[in-house]
Amino acid sequence: MANYILEVKNLKKYFPITAGIFNRIVGWVKAVDDVSFSVERNTTYAIVGESGCGKSTLARTIIGIYAPTSGSIIFEGTDITKLSRKEKLRVLRKMSIVFQDPTSSLNPRHKVIDIITAPLKVHKIGSSRERKEKAKELIKVVELDETFLNKYPHELSGGQRQRVAIARALALEPELIILDEPTSALDVSVQAKILNLLKHLQKKLKLTYILITHNLGVVRNFADHVSVMYAGKIVETAPIDKIFSEPKHPYTRALIDAIPPVTPEEEELIKKLGLKIKPGDPPSLSNPPSGCRFHPRCPFATEKCRKEEPKPVVISENHVVYCHLFS
Amino acid sequence: MTLLEVKNLTVYFKTFIGISKVVEDVNFTLEKGESLALVGESGSGKTTVLKTILGVLPPNAIVKGELLFKNTNLLSMGNDELSKIRGMEITYIPQEPLSALNPFYTIEEHFLDRLILSGKPKAGILSYIKLRRKVPSELKKTMLEYLEKVKIPDPERVLKSYPMQLSGGMLQRILIALAIVSNPSILLADEPTTALDVVTQKEILELLKELQKDLGLSIIYVTHDLGVARAIADKVIVMYAGHMVEEGITSEVLAKPLHPYTKGLVDSIPKLVGGGLHGIEGGLIDYYNPPSGCRFHPRCPKAMSICRETRPKPFIVNGRKVYCWLYGE
């Protein structure tokens, strides 16, 4: 039995669409619809998908920014959706998040030291001197020096800002960190350095990561396990080497196909695994297609795909695909 | 046939704290039907080069060098002459499709303005108001024709839509259609796919390539994504801190980069085949007080004493231009 730090079971998050002066609910945006996955301790679990597939909503629901519509989030054996507010805050202390754009996730009117110590203040940990010491320690952990503590975010470069955001995420000594597109606002040479830092921290502090991203290249080089999301649902979940050697779901293969290759080796791999799909956009989440949500764009779609929602099919250990082709 | 020749292009900006030396000595040529990618990280001056060609720099810019378009220097032209070329012969696709279109205008109104600007039909103020009220059917036919050229499904509905009702991919297609209305010879593209998802990005890149072939367009494509550069461009220029560092056939440059910066950049990209990541140490330079010699020398793992003193000349290595002393005598 694997040691799971987090288990998400049948999680749903619907947002109401309201109309009229009485805010009558006229429909639902099903941003996350019946998603289940488990994250092993000390590993990195990646969730990939295009914008609007619900991956960020999933991250925010796990960390408690949104209340789930239904389903359970089991963190270290306790279901946090069933806890009272006070108990929930205690559990959530062990989780933190790094947002996508460090320019907007750091308060421009606060100094770095205040940004890093903010979580400690919220949870009333330590005296102000102890918090200052902690900030000095944290800024070194993210490979910046103490002089940065008295600067404002606008004085820092994008990479340095993201380091500050990571330091803030580490302030409460969490066990699980959710990385919501941590490098997509950065240049590639900076991205490589931030990813290397995160990897180093994972080893040193025994952290577990959930990585939300749209970049399969980052997933390949950073994660251990991956789930591919499409229109609010997981379509395939597999260990990293499986997804880049034998991807099963047509959407996963389409995502691989869309990557512009940089080197000849990459081009060869994409040619081997990729699949061309019909042009189009992901469906609206308020009125998703019936059956398999991918069927309007899938080259293999049959009558069954139009009617029945696909059930999970186990391909090999930990490799599950939601597609009628394999049942 | 050489369409555009950029000779020793230098762009400085005068600001209240000094002179920002952004672009220095950029040299390249663009042939008819050729596609060229300018790649580099943010702040490397690639967009500044594009804006100089388009002639939309802010008034504090100091531009030196020559921009020869069909053998006439764009930099010495007056505004009247320039407006016959800018937006007509040389057109532009912006980065953010949603902010490039006016949210209060329908796509049809955008098209009408663009058609009038490109001189078909000619209209004064009164006839313009008349046209705005009811678009004649032959103009509508032209609009639909261009929308079909960029493969927009259901063009009739799209013409009546406002920008916010359409997806990013659709808007980018519309901007491409607006850019090719005047039968340009050069299309300047400033990261047109950065705001899009990978699947949509691929569709747009394929469309651009097809149009390039059909219309004989030359494209200058600015991007920070080396994979995109490889997909769209025959030739690539890698820029670092306002200097050119390497120029050559895109697939060759990326498969075997010669300049240490290009190599660092290629090694920084997380690849599907795995193989780990290496960033480049250090950060971007201060343009007010740039490093002497090769601007990359403070971050270069192979820097020598000559790199600190003298700017490298372009050395020809395997049919490629490399601006690095490693390849000098």
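This report describes the fold, the domains, the chain contacts and some local features of a predicted model.

Residues are numbered from 1 along each chain as its sequence is written, and chains are lettered from A and ligands numbered from 1 in the order in which they are written. Because the model is predicted, local features need pLDDT of at least 70 and side-chain atom pairs count only at pLDDT 80 or more, while totals for chains, interfaces and linings use all residues.

**Chain A overall**

Chain A holds 12 helices and 12 strands; these are DSSP runs numbered from the N terminus, with at least four residues (H or I) for a helix and at least two (E) for a strand. Its C-alpha trace spans about 65 × 55 × 45 Å along the principal axes. The radius of gyration of chain A is 21 Å, which agrees with the value near 20 Å for a compact globule of 327 residues; the radius is taken over C-alpha atoms, and the globule rule is 2.2 Å times the number of residues to the power 0.38. Of the 327 residues, 46% count as buried. Buried means 20 or more other C-beta atoms within 10 Å of the residue's own, exposed means 12 or fewer, and partly exposed lies in between, with C-beta atoms placed from the backbone. Among contacts in chain A between residues at least 6 apart in sequence, 62% join residues at least 24 apart; a contact requires C-beta atoms, placed from the backbone, within 7 Å.

**Domains and chain contacts**

Chain B is divided into domain 1 (2-89 + 182-327) and domain 2 (99-181), with bounds from an automatic or database domain assignment. The C-alpha centres of the two domains of chain B lie 31 Å apart. In chain B, 14 residues of domain 1 are in contact with 12 residues of domain 2. Helix H9 (residues 198-215) of chain B gives the largest share of the domain 1 side, 6 residues.

Between the chains, 35 residues of chain B are in contact with 34 residues of chain A. On the chain B side, the elements that give two or more residues are H9, helix H10 (226-232), helix H11 (250-255) and helix H12 (260-268) of chain B. By class, this side has 15 nonpolar, 13 polar and 7 charged residues; Ala, Val, Leu, Ile, Met, Phe, Trp, Tyr, Cys and Pro count as nonpolar, Asp, Glu, Lys and Arg as charged, and the others, Gly among them, as polar.

**Helix H7 of chain A**

Helix H7 (residues 188-205) of chain A has 18 residues and reaches 25 Å from its first C-alpha to its last, close to the 26 Å expected, where the expected span is 1.5 Å times one less than the number of residues. Its buried residues include Val188(A), Ile194(A) and Leu198(A). The buried residues of H7(A) pack against helix H6 (158-170) and helix H8 (216-222) of chain A together with H12 of chain B.

**Positive phi**

H7(A) is followed by Lys206(A), whose phi is positive, near 50 degrees. Two loop residues other than glycine are listed below.

| Residue | Phi | Loop between |
|---|---|---|
| Asn318(A) | near 65 degrees | strand E11 (312-316) and strand E12 (319-322) of chain A |
| Lys70(B) | near 50 degrees | strand E4 (61-69) and strand E5 (72-73) of chain B |

Asn318(A) counts as partly exposed because it has 14 C-beta neighbours inside 10 Å. Lys70(B) is partly exposed, with 13 other C-beta atoms within 10 Å.

Conventions
Two residues are in contact if their C-beta atoms, placed from the backbone, lie within 7 Å.
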